[in-house]
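Student: I should like to work through this structure by question and answer, with the reasoning given at each step. May we begin with the charged side chains?

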Amino acid sequence: VSTRRSSLWLRCYPPSWRERYGEELEGLVEQMNGKGSVAWRVRRDVALTGARERLRSWGLAGPGIPPGTQAKAGALLVLCAWTLFVVAGMAVQRFSEHWQDFTPISGRALPSGEFRVLVDAALIGGALVLLGGACVLPRLLAFLRGGGWSATRGSVLRAVFSSLFTAVATVGLIQWAHRLDSLQRNGHDPLYGIAFIAWGLLVVGCLGMWTSVVVEIARRIEFPVGLLKVEVGLAVAVSLAMLTMTVATATWWITLAIRAPWALREEPSGAVPSPFLLQLMAAMALMVLATALAGLGSARALRALPRMACEQRVG
Amino acid sequence: MPTQKRKGLARRARANDPPLLILTSLASGAKHGYSLLQDIEVFADVQLGPGTLYGAIGRLEERGWIESLAAAGRTRPYQLTPAGREALEEMLGELSAIVDEAAIRLRKAPRLTPAGSPA
């Protein structure tokens, strides 16, 4: 087995684990396989254990995790799930612009209601996430003043530059879009289409960077028990908002598919196109995945609460 | 033994649990990773993967049940600590309690005949 390939597997493991056991594990794999190729069973075992150790280092799996770390990790998983949900929401938002214009007034009430629920839940979810951030703000400032800035400056600056770049790209794309007609903007200009996808990837990357910065900083900050309880409560509420949005989007989609399938493709009334649009299906899958992750995060955080209360009583 | 404690141990002490197998192997002396795998395969007929082995080693070291000795090249031998020996004895006690219970129940139970065959 080549050392390079072994090292690639080791990337599954958290850095501290690699530092302690990485060389031994690599040596053992080499000893087991000599110069021959590594068995599939061994590869799977190393990769799975690596993933488990990674989750454990994040406080998301395994026994023996302190309850505070577990609660914080669960709440942060909900935050990451929210970011994923925002990406899915951006894809759904593309369908929200004109569907009412293509739906007959008689069939508009139900999907409008479902869409209203989706929008309201999104607003509530967004407000809860901001509230969660506001609650942590004093601790964050204390952390930055206490030497945290030098430790996290690199990631923060990368996220800031990524945001600036995305903002410039957004302005450029908007100016370009103003010079195009509706058809060109909606897939008939391949160059614009590619630029739009690249812009979307930039936005996703930017969101990912900021989420990673927040997670990195939050893991370094010591949360008092009271604040952790608030954050867990908010995380559960955000998860419920995500569940509501997922259900509302699914029912809105089904209702339109039954009553006005043409509206999803912005085609004239009476046409019967397939309601299974690739973009909507991908967005829906992402929503379900994000909601499931948020559910897991909430459950993990909630399970830590009794142990936290117990430790508080003993302390 | 109180029921609650027994339940906890029963969850921990299963005959094919990597930590139990590693502790058992180290009970006969210090070993490094490859020797551990070979020994476990001989006495328990269980093939542990290298990731599973080091995952369990990490956990056992964290609990202070095993400790590493000076590294020899890329390998590092491990040995049982007094706390590890105590934990192993506790696990074995739990396992033997289950084995004893099973034996008692089997002795008391009437011999069963296969379904459909004459009694």
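Student: In this predicted model, is A:R20 buried, partly exposed or exposed?
Tutor: The model is predicted, and the class follows from the relative accessible area. Buried means under 20% and exposed means over 50%, with partly exposed in between. A:R20 has a relative accessible area of 25%, so its class is partly exposed.

Student: What is the N to O distance in the salt bridge between A:R20 and A:E24?
Tutor: Side chains of opposite charge can pair when their charged atoms come close. A:R20 and A:E24 are four residues apart in helix α2 of chain A, which means that about one helical turn separates them. Their side chains meet in a salt bridge, with an N to O distance of 3.1 Å.

Student: Is A:E24 buried or exposed?
Tutor: The cut-off for a buried residue is a relative accessible area under 20%. A:E24 has a relative accessibility of 4%, so this residue counts as buried.

Student: Which residue of chain B forms a salt bridge with A:E24?
Tutor: The partner lies in the loop between β1 (66-68) and β2 (78-80) of chain B, whereas A:E24 lies in helix α2 of chain A, so the pair joins two chains. The partner is partly exposed, because its relative accessible area is 25%. The closest N and O atoms are 3.2 Å apart, and the residue is B:R76.

Student: Which residue of chain B forms a salt bridge with A:R20?
Tutor: In this pair the closest N and O atoms are 2.9 Å apart. The salt bridge is one between chain A and chain B, and the partner of A:R20 is B:E61.

Student: Where does the salt bridge between A:D120 and A:R116 lie, and which residues do shared salt-bridge partners join into one network?
Tutor: The side chains of A:D120 and A:R116 meet at 3.0 Å, N to O. A:D120 counts as partly exposed because its relative accessibility is 32%, and A:R116 is partly exposed with a relative accessible area of 47%. Both residues lie in helix α5 (residues 109-178) of chain A, four residues and about one turn apart. The network made by salt bridges that share partners consists of A:R20, A:E24, B:E61 and B:R76.

Student: How many salt bridges does the rule find across the interface of chain A and chain B?
Tutor: The structure holds 12 salt bridges over all chains. Across the interface of chain A and chain B, the rule also finds 13 residue pairs in polar contact, both residues being at pLDDT 80 or more. The number of salt bridges across this interface is six.

Student: Which element gives the most residues to the side of chain A that touches chain B?
Tutor: The elements that give two or more residues to that side are α2 and α3 (40-57) of chain A. With 13 residues, the one that gives the most is α2(A).

Student: Which three residues supply 28% of the area that chain A buries against chain B?
Tutor: In the interface, 21 residues of chain A are in contact with 23 residues of chain B. The area buried between the two chains is about 1,900 Å², of which carbon and sulfur atoms give 50%. The three residues that supply 28% of chain A's part, more than any other three, are A:Y21, A:E24 and A:L28.

Student: Within what arc do the buried residues of α3(B) fall?
Tutor: The 12 residues of helix α3 (residues 33-44) of chain B should span 16 Å at 1.5 Å a residue, and the end C-alpha atoms are 16 Å apart, which agrees. Its buried residues are B:G33, B:L36, B:L37 and B:I40. Seen down the helix axis, these residues line one face, because they fall within an arc of 100°.

Student: Which elements do the buried residues of α3(B) pack against?
Tutor: The contacts of these residues involve both chains. From chain A the partner is α2 (15-33), and from chain B the partners are α2 (18-26) and α4 (50-63).

Student: In what order do the elements of chain B run from the N terminus on?
Tutor: Chain B has five helices and two strands. Buried residues make up 33% of its 119 residues. The order of the elements is α-α-α-α-β-β-α.

Definitions and conventions. Residues numbered from 1 in each chain as written. Chains lettered and ligands numbered in written order. Predicted model: local features only at pLDDT ≥ 70, side-chain atom pairs only at ≥ 80, totals over all residues. Heavy atoms only, no water. Expected span 1.5 Å × (residues − 1). Buried < 20%, exposed > 50% of the residue type's maximum accessible area, 1.4 Å probe, protein only. Arc of directions from axis to C-beta. Contact = heavy atoms within 4.5 Å. Buried area = accessible area lost by both parts, 1.4 Å probe. Salt bridge = Lys/Arg side-chain N within 4 Å of Asp/Glu carboxyl O. Polar contact = N/O pair within 3.5 Å; in protein donor to acceptor, adjacent residues only side chain to side chain.
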